[in-house]
Amino acid sequence: MAPAITLAAETQISAANTGFMLICSALVMLMTPALAFFYGGMVRVKSTLNMLMMSFISLGIVTILWVLYGFSMAFGNDSGGIFAWNSDYVGFTGIDKDAIWDGYTIPVLVFAVFQLMFAIITPALISGALADRVKFTAWALFIALWATVVYFPVAHWVWGTGGWAFELGVIDFAGGTAVHINAGAAALGVILVIGKRVGFKKDPMRPHSLPLVMLGAGLLWFGWFGFNAGSWLGNDDGVGSLMFVNTQVATAAAMLAWLIYEKLRHGAFTTLGAASGAVAGLVAITPAGGAVDPLGAIAVGAVAGLLCAMAVGLKYKLGYDDSLDVVGVHLVGGIVGSLLVGFFASGEGQSDVKGLFYGGDASQLGKQAAGVFAVLAYSLVVSAILAFVLDKTIGMRVPEDDEVAGIDQAEHAETAYDFSGAGGGTSRSASVPAAPVTAPAESKKVDA
Amino acid sequence: MKLITAVVKPHRLDEIKEALQAFGVHGLTVTEASGYGRQRGHTEVYRGAEYTVDLVPKIRIEVLAEDDDAEQLIEVIVKAARTGKIGDGKVWSLPVDTAVRVRTGERGPDAL
């Protein structure tokens, strides 16, 4: 009887962990609108709404795909370390509401919705590189295709039982490879196909609202606690707490590193630098925060802040238009965090693996490099192919005159800000006639 | 009549307004403007990308005055607007054919 009782205790749902994970899921959900503001403030006024919508639409598309087949592709039964499938997960029809996620103390449904939020934000991250110039329909299709052939399989490689990177022992606590390197490499692949914004390197392209950028960065930082600490799927052994602390510590270090670098290099502490440094730190600690101690987290954050601050200038030298530095921050930050696990793993966090600076050998560094390279190469190539196919069929870019006049009006028929107190000279269009005085019901409809 | 136009530093607006009120001017028009003179612009840096911002924020003040008052009024504005540093702006005047007060239809100096 004793083993059976032990088994029953192990597989019981923990109300505490389940509640914690539901809150973490909501926190990660908030990161996608936060990202929308972070990116939205960085573009010019005329493409603000498009930038917001490129992130926001992912909440719609990926959610549906995830329920239909995404969860099955990412966390179904492994086949060959590459693919996964479980027909019970299709449409969530075979998932009982109290079924337990194998090996943990939370329901399958809770695990599925937590992972969904990661699948939503990852394609949204790519959008920052494509500012001002991509047809909304093409972008929506790209998200659907990219999630299907890149994100779902890569999530399986990295986190799925039987996934090759998972079984190899690549440490990626919350998505340094699966989320950030994946999105950063995809961004690079797409921009190499679709090209630069009109006026890149010639016209000034200043952020139109740094307060929005700061708001977005602040909300990202907040949501990231769910993203990172929640990735242990419970907190019975304190690893989730360690991750939470390291998230704060590394982000602080990265923000300071970026600010000091730009003060020395360009002469001012900028708000954009503070926001960017914080995000770089969040990215870098994402794979590493369960394996390093808080001093190691300072090192990870500081190195990421410094290297990302240097990397964002590369696009002007190399001539690719990574508009809002998805490559410079997410790809570079993800690589830094993933590789530094091989140096700073303390052996006292999520596993007993020690990095080079903590008395370990280079074997973990080798595994980390394998994970980094495989995800980078796969995502870069497949994303470029997807963009190429979409470009040759429906076209990826809006016409040049629409891009110059502003993609908001061309693609969304809206303007982000009405600066005119007098109403900007707008009048009702002929297709929406003013309602007659005798028909109040209809006039309500017009106003709505 | 004369139309006096001043394009000056935004933070001098309150001083100019007070000086004009003390002089007896009852109305003026203020708009936000941008431009440059010898001051030129300044440099801004975003993630290491340097931008030279040529156009500097200014305010543009317009006042209608009777011919006899115009010279003195210009002096009042210039005195109130001056900081002595580069970028203080310009003040000029133009002859005006007519002016009408919309509410009453009064014309000429009566409309001021």
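In this predicted model, 53% of the 448 residues of chain A count as buried. The secondary structure of this chain comes to 17 helices and two strands. Measured against the globule rule, the overall dimensions hold no surprise: a compact globule of 448 residues would have a radius of gyration near 22 Å, and the 23 Å of chain A agrees with that. Along the principal axes, the C-alpha trace of chain A spans about 80 × 60 × 40 Å. Contacts that reach far along the sequence are well represented in chain A, where residues 24 or more positions apart account for 76% of the contacts with a separation of 6 or more.

The interior of the model offers a good place to begin a closer look. The largest nonpolar core holds 150 residues, and among these Ala254(A) and Val300(A) touch the most other members. Helix α4 of chain A, residues 108-126, gives the most to this core, with 15 residues. The surroundings of Ala254(A) can be listed in some detail. Leaving aside residues up to four places away in sequence, Ala254(A) touches Gly277(A), Ala278(A), Ala280(A), Gly281(A) and Ala284(A), and also Gly301(A), Ala302(A), Ala304(A) and Gly305(A). Apart from the 150-residue core lies another core, of 16 residues, which includes Leu20(B), Leu64(B), Leu73(B) and Val76(B).

Two helix pairs of chain A illustrate how its elements pack. In one of them, helix α9 (residues 239-266) and helix α11 (residues 294-311) of chain A have axes that come within 7 Å and cross at roughly 35°. The crossing of α9(A) and α11(A) is right-handed. Nonpolar residues number 19 in this contact, alongside four polar residues and one charged residue.

The other pair consists of helix α7 (residues 176-194) and helix α10 (residues 271-288) of chain A, which pack at an angle of about 145° with their axes 9 Å apart. On the α7(A) side, Gly176(A), Thr177(A) and His180(A) take part, and they meet Val283(A), Thr286(A), Pro287(A) and Ala288(A) of α10(A). By class, the contact of α7(A) with α10(A) divides into three nonpolar and four polar residues, with no charged ones.

Chain B is built along other lines, with two helices and six strands. Read from the N terminus on, its elements run β-α-β-β-β-β-α-β. The globule rule gives 13 Å for 112 residues, yet the radius of gyration of chain B is 17 Å, well over that value, so chain B is more spread out than a compact globule. Taken along the principal axes, the C-alpha atoms of chain B fill a box of roughly 60 × 25 × 20 Å. Of its 112 residues, 21% count as buried. Among contacts in chain B between residues at least 6 apart in sequence, 69% join residues at least 24 apart.

The two chains also meet each other. Seven residues of chain B are in contact with 12 residues of chain A. On the chain B side, β3 (42-46) and β4 (49-53) each supply at least two of the residues that touch chain A, and β3(B) provides the largest share, three residues. This side of chain B is made up of four nonpolar, one polar and two charged residues.

Methods: Residues numbered from 1 in each chain as written. Chains lettered and ligands numbered in written order. Predicted model: local features only at pLDDT ≥ 70, side-chain atom pairs only at ≥ 80, totals over all residues. Contact = placed C-beta atoms within 7 Å. Helix = DSSP H or I, 4+ residues; strand = E, 2+ residues; numbered from the N terminus. Nonpolar A, V, L, I, M, F, W, Y, C, P; charged D, E, K, R; others polar. Rg over C-alpha atoms; globule rule 2.2 N^0.38 Å. Buried ≥ 20, exposed ≤ 12 C-beta atoms within 10 Å, placed from the backbone. Axes fitted to C-alpha atoms, helices over the stretch in contact; angles between N-to-C directions. Left-handed = near helix turned anticlockwise from the far one by under 90°. Core = buried A, V, L, I, M, F, W, Y, C linked by C-beta atoms within 7 Å.
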